[in-house]
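Reader: I would like to learn how to read a small protein model feature by feature. Could you take me through one?

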Amino acid sequence: MLFEVAILEIPTQKEIEGNGAMERLLFGPVAVVARDEKGAVMQATRQMEHEEPWDASRVQVLVRPFVQQPPR
C-alpha cells in the first residue's frame, strides 16, 4: 500500500503569541510502500537525514494512505 509521510514541529504557545510562528516541516512529505502506517513511518524515517536534535514533545508525524485497498 502506498503512504505519504511527513514530520512537523509544532510551535510553543509562546512562539505563536510572540511572533505568530506556524508549524515547521522537518521531513517530507515522502512516499513509501508499506503494509501499514507503522511500517510506513519506519521506512520513511530510515530515509531522513537530520542534524539538529528535535524536541519529541513538539513533533507530529503525519501519515496518510495514498491508495485504499479494496476489502478482501
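The dialogue below moves from the overall layout to the sheet, the core and the salt bridges.

Author: Please keep in mind throughout that this is a predicted model.

Reader: Where should I begin, and in what order do the elements of the chain run?

Author: A reading can begin with the elements, taken from the N terminus on, and here they run β-α-β-α-β. The chain has 2 helices and 3 strands. Of its 72 residues, 24% count as buried, and the chain exposes about 5,600 Å², of which carbon and sulfur atoms supply 52%.

Reader: How much of the contact network is long-range, that is, what share of the contacts with a separation of 6 or more joins residues 24 or more positions apart?

Author: Such residues account for 65% of those contacts.

Reader: How do I read the sheet, and in what order do its strands stand?

Author: For a sheet, one asks for the order of the strands, their pairing and whether the sheet is open. In this model 3 strands form an open sheet in the order 2-1-3, with antiparallel pairing. Strand 2 and strand 3 stand at the edges with a single partner strand each, so one side of each has no neighbour in the sheet. Neighbouring strands are turned against each other by 15 degrees on average, when direction is ignored.

Reader: How many bridges join strand 1 to strand 3, and which residue stands opposite A6?

Author: These two antiparallel strands are joined by 7 bridges, and the residue opposite A6 is L62 in strand 3. Helix 2 packs on this sheet and touches strand 1, strand 2 and strand 3, while its direction makes about 115 degrees with that of strand 2.

Reader: Which residues make up the largest nonpolar core, and what general idea lies behind looking for one?

Author: The general idea is that in soluble globular proteins nonpolar side chains tend to be buried together. Here the largest nonpolar core has 11 residues, namely F3, V5, I7, L26, F27, V30, V32, A34, A40, A44 and M48. Strand 1 (2-9), strand 2 (24-33) and helix 2 each give two or more residues to this core, and strand 2 provides the largest share, with 4 residues.

Reader: If I pick A40 as one member of that core, what is it in contact with, once neighbours within four places in sequence are left aside?

Author: A40 is then in contact with F3, V5, V32, A34 and V63.

Reader: How should I read the charged side chains, and how many salt bridges does the structure hold?

Author: For each pair, one can look at the N to O distance, the positions in the chain and the accessibility of both partners. The structure holds 3 salt bridges. In one of them E4 is paired with R64, the closest N and O atoms being 2.7 Å apart; E4 lies in strand 1 and R64 in strand 3, so the pair ties together parts that are 60 residues apart in sequence. Both partners are partly exposed, E4 at 23% relative accessibility and R64 at 46%.

Reader: What is the partner of E9 in a salt bridge, and is E9 buried or exposed?

Author: E9 forms a salt bridge with R24, with the closest N and O atoms 3.0 Å apart, and this pair links E9 in strand 1 to R24 in strand 2, 15 residues away along the chain. E9 counts as buried because its relative accessibility is 14%, under the 20% cut-off, whereas R24 is partly exposed at 36%.

Reader: Where is R58 found, and which residue does its side chain meet in a salt bridge?

Author: R58 is found in the loop between helix 2 and strand 3, and its side chain meets that of E15 in a salt bridge of 2.8 Å, N to O. The pair links distant parts of the chain, since E15 is in helix 1 (residues 13-19), 43 residues from R58. E15 is partly exposed at 30% relative accessibility, while R58 is buried at 17%.

Reader: Beyond residues up to four places away in sequence, what else does R58 touch?

Author: R58 touches L8, E9, I10, P11, T12 and E15. E9 in turn touches E23, R24, L26 and R58, under the condition that residues up to four places away are not counted.

Reader: As a last case, is A56 buried or exposed?

Author: A56 counts as exposed, at 68% relative accessibility, and its place is in the loop between helix 2 (37-47) and strand 3 (59-65). The C-alpha atoms of A56 and E9 are separated by 8.8 Å, although the two residues are 47 apart along the chain.

Note on methods
Residues numbered from 1 in each chain as written. Predicted model: local features only at pLDDT ≥ 70, side-chain atom pairs only at ≥ 80, totals over all residues. Heavy atoms only, no water. Buried < 20%, exposed > 50% of the residue type's maximum accessible area, 1.4 Å probe, protein only. Core = buried A, V, L, I, M, F, W, Y, C linked by side-chain atoms within 4.5 Å. Contact = heavy atoms within 4.5 Å. Pairing = 2+ DSSP bridges. Axes fitted to C-alpha atoms, helices over the stretch in contact; angles between N-to-C directions. Areas by Shrake-Rupley, 256 points an atom, 1.4 Å probe, with all protein chains shown as cover. Salt bridge = Lys/Arg side-chain N within 4 Å of Asp/Glu carboxyl O.
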